[in-house]
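This report covers helix packing and the main pocket of one protein chain. The sequence and the model are shown first.

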Amino acid sequence: MTLATDPSETYVPTASPLSDLVARDAREFGVYARTGGWAFALMVARSVRPGGQASGETPKVSAKEFAELAGCSPERVMRYYKAWDRAADDGLVPHFEGLRPGQDVELPDADVWLSYYVSRNSATSERGTAIAQAAEAEGIRPTKALEVAENPTALRAAILADPSTARAARSALLDRLKEDPDLQAELARDVVRTDDLKKAVASESRSADRIGYVRQIAESGQIRTPAGQTVDAPVGLREEAERHLSLIDELEDGEDTGEWATEAYDTLKSLVAETVEADPELRVQERRTKFYSSLQKATRAFEELTFDDAQDFYEDDMLQRLEDLQQAIGTCLTALRGARGSQS
């Protein structure tokens, strides 16, 4: 019994004559391996007459006639025709007028073909026009962008496999978000539904707030005290803010700012507290501000209480808490009256 093996391993030269059909297939295979779609585009370019040229002026035929002879659609023929036309404009191949039926010319490499060939009619659609315009604005050939748009699965695969492609996609997506409210809303929903993304966004937001705190001090020269006062920052404190901000601004793109932001924020908060404690007048004003803030919160909270239907929810613990509150308020009033008396 003879076992089947790889044909490349069993080839033995023979003295029998080479078939013309085999030789032709090998030559055509070699041409296509080197040139890709250019070989077929040349057949169209040298056989289909350019637009505006009358049939009597050339032995070439129309795209419709060529398609009928080839057993395919005129649209398919025209896609090869337009690919050759674009390449001719770029000087890669001769123009149609310089070609005659059966003529051979040197063809570009196969890997250039897809830069000119559009496999579908997307380039003429409204969507295709928008993609082409965006590609031209980015300084790339529209056919490249159209090819990617026609194969989103390939784009997804490239994003998943290649970090640099993912970064380019992220940058493009961020630019699009600025002008696409619907996409903004969809992305926001995706984020809040994904726990890992939600945590990452919260972390980045916290870092951004902390950097904003440091930047505000460095740029405005003012600090906001724990009680909410806004005062001029001491020279040393502002310089420290500028130093931390400089370190953060010098970080490479993509480098994690979280640790740097936390260190800068904690340092500045500590310095602000020290500044308040070091200034007797500011310290008193800070305590006064805190007292008024707490008093206003307590007043609003008490004013929101209603007792119209107290009999429905009354409990002894409620009465005890109000009596404790009354005692605390009495103590507070006594202290304030005593302070007023000592100032008289």
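Contact here means heavy atoms within 4.5 Å. The model is a predicted one.

**H10 and H11**

By that criterion, Asp190, Val191 and Val192 of helix H10 meet Leu197, Lys198 and Val201 of helix H11. Sorted by class, the residues of this contact are four nonpolar, no polar and two charged. H10 covers residues 181-192 and H11 covers residues 195-220. Their axes lie 6 Å apart, and the packing angle is about 105°. Angles of 65 to 115 degrees count as roughly perpendicular, so H10 is roughly perpendicular to H11.

**H4 and H5**

Helix H4 spans residues 63-70 and helix H5 spans residues 74-89. The two axes come within 8 Å and cross at roughly 115°, which makes H4 roughly perpendicular to H5. The crossing in which H4 passes H5 is right-handed. On the H4 side the contact involves Ala63, Lys64, Phe66 and Ala67, and on the H5 side Pro74, Val77 and Met78. This contact has six nonpolar residues, no polar residues and one charged residue.

**H13 and H14**

Helix H13 runs over residues 258-278 and helix H14 over residues 280-303. They pack at about 105° with axes 5 Å apart, and are therefore roughly perpendicular to each other. H13 contributes Thr275, Val276, Glu277 and Ala278 to the contact, while H14 contributes Pro280, Leu282, Arg283, Glu286 and Arg287. Here the division is four nonpolar, one polar and four charged residues.

The residue classes at each helix contact are set out below.

| Helix pair | Nonpolar | Polar | Charged |
|---|---|---|---|
| H4 with H5 | six residues | no residues | one residue |
| H10 with H11 | four residues | no residues | two residues |
| H13 with H14 | four residues | one residue | four residues |

**The largest pocket**

What is the volume of the largest pocket? The value is about 1,000 Å³. The lining of this pocket consists of 21 residues, and those closest to its centre are Ala134, Ala145, Leu155, Ala172 and Leu173.

Which helices each supply at least two residues of the lining? They are H6 (126-138), H7 (142-149), H8 (152-161) and H9 (163-177). H9 gives the most, with seven residues. By class, the lining of the largest pocket holds 14 nonpolar, one polar and six charged residues.

Key
Residues numbered from 1 in each chain as written. Predicted model: local features only at pLDDT ≥ 70, side-chain atom pairs only at ≥ 80, totals over all residues. Heavy atoms only, no water. 1 Å grid on protein atoms, 1.4 Å probe; cavity = no way out; pocket = protein on both sides within 12 Å on 5 of 7 lines; lining within 4 Å. Points joined across faces, edges and corners; volume = space filled by probe spheres on them. Helix = DSSP H or I, 4+ residues; strand = E, 2+ residues; numbered from the N terminus. Nonpolar A, V, L, I, M, F, W, Y, C, P; charged D, E, K, R; others polar. Axes fitted to C-alpha atoms, helices over the stretch in contact; angles between N-to-C directions. Parallel < 35°, antiparallel > 145°, perpendicular 65-115°, else oblique. Left-handed = near helix turned anticlockwise from the far one by under 90°.
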